[in-house]
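Visitor: I would like a close look at a single part of this model. Please take one pocket and the strand that helps line it, then move on to the charged pairs.

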Amino acid sequence: MASNRIGRINEEIQRELASLLRTVKDPRLQGGLMTITHVDTTSDLRYAKIYISALNKEQEGEMMKGLRSAAGYLRRELGAALRLRYTPELQFEADDSIQQGAHILEMLRDPAVVKPANPANAHIVLEDEE
């Protein structure tokens, strides 16, 4: 029962932070696109790890510094929006799972890496390979 509550709180934190990130005035966060991929809150609601994936990997370091700098503002605004007894302390982590997924898809589409399961189907051309 408690894990279901934590899951709902994680989703709500993710949704609120996604909208709050647009209001941050830090210039390190203005230039690039980022996505909140996952939120993991402790069971006592004291800490929340926010996993961030940046579109531009060169700017990721600066974005993470900007997020850590804005953590106090984001926590205050999150506390006003969520009305929890404790507003969790926000800890931002870089997440490269989207980039890893894209790499795996690229490898799966490479005919030198992945051979057809059935040689009789080797003549079939997929839509995106035309």
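Guide: What follows covers a pocket, a strand residue and some salt bridges. The model is predicted. Start with the second largest pocket. Its volume is about 240 Å³. The lining starts, in sequence order, with A18, L21, R22 and V24. It continues with L29, Q30, G32 and L33. M34, T35 and I36 complete the lining. Two elements each give two or more residues to it: α2, spanning 27-30, and β1, spanning 34-41. Strand β1 gives the most, with three residues. By class, the lining holds seven nonpolar residues, three polar ones and one charged one.

Now follow β1 to T41, which lies in that strand. T41 has a relative accessibility of 6%. It counts as buried because that value is under the 20% cut-off. Its side chain has a polar partner: a contact of 2.4 Å joins T41 to the side chain of N10. N10 is also among the residues T41 touches when those up to four places away in sequence are not counted. The others on that list are I6, I13, Y47 and A48.

Next, the charged pairs. Side chains of opposite charge can pair when their charged atoms come close. The count of salt bridges here comes to four. Three of them are described below, including one between D26 and R28.

In the D26 and R28 pair, the closest N and O atoms are 2.8 Å apart. The two partners differ in exposure class. D26 is buried, at 13% relative accessibility. R28 is partly exposed, at 32%.

K65 and E62 form another bridge, with the closest N and O atoms 3.8 Å apart. Both belong to helix α3, residues 60-69. They are separated by about one helical turn, because they sit three residues apart in that helix. K65 is partly exposed at 48% relative accessibility. E62 is partly exposed too, with a relative accessible area of 39%.

E77 and R76 also meet through their side chains, at 3.4 Å from N to O. E77 is partly exposed, with a relative accessible area of 27%. R76 reaches 54% relative accessibility, so it counts as exposed, the cut-off being over 50%.

To recap: β1 gives three residues to the pocket lining, and T41 of that strand is buried. Among the salt bridges, D26 is a buried partner, whereas R76 is an exposed one.

Notes
Residues numbered from 1 in each chain as written. Predicted model: local features only at pLDDT ≥ 70, side-chain atom pairs only at ≥ 80, totals over all residues. Heavy atoms only, no water. 1 Å grid on protein atoms, 1.4 Å probe; cavity = no way out; pocket = protein on both sides within 12 Å on 5 of 7 lines; lining within 4 Å. Points joined across faces, edges and corners; volume = space filled by probe spheres on them. Helix = DSSP H or I, 4+ residues; strand = E, 2+ residues; numbered from the N terminus. Nonpolar A, V, L, I, M, F, W, Y, C, P; charged D, E, K, R; others polar. Buried < 20%, exposed > 50% of the residue type's maximum accessible area, 1.4 Å probe, protein only. Polar contact = N/O pair within 3.5 Å; in protein donor to acceptor, adjacent residues only side chain to side chain. Contact = heavy atoms within 4.5 Å.
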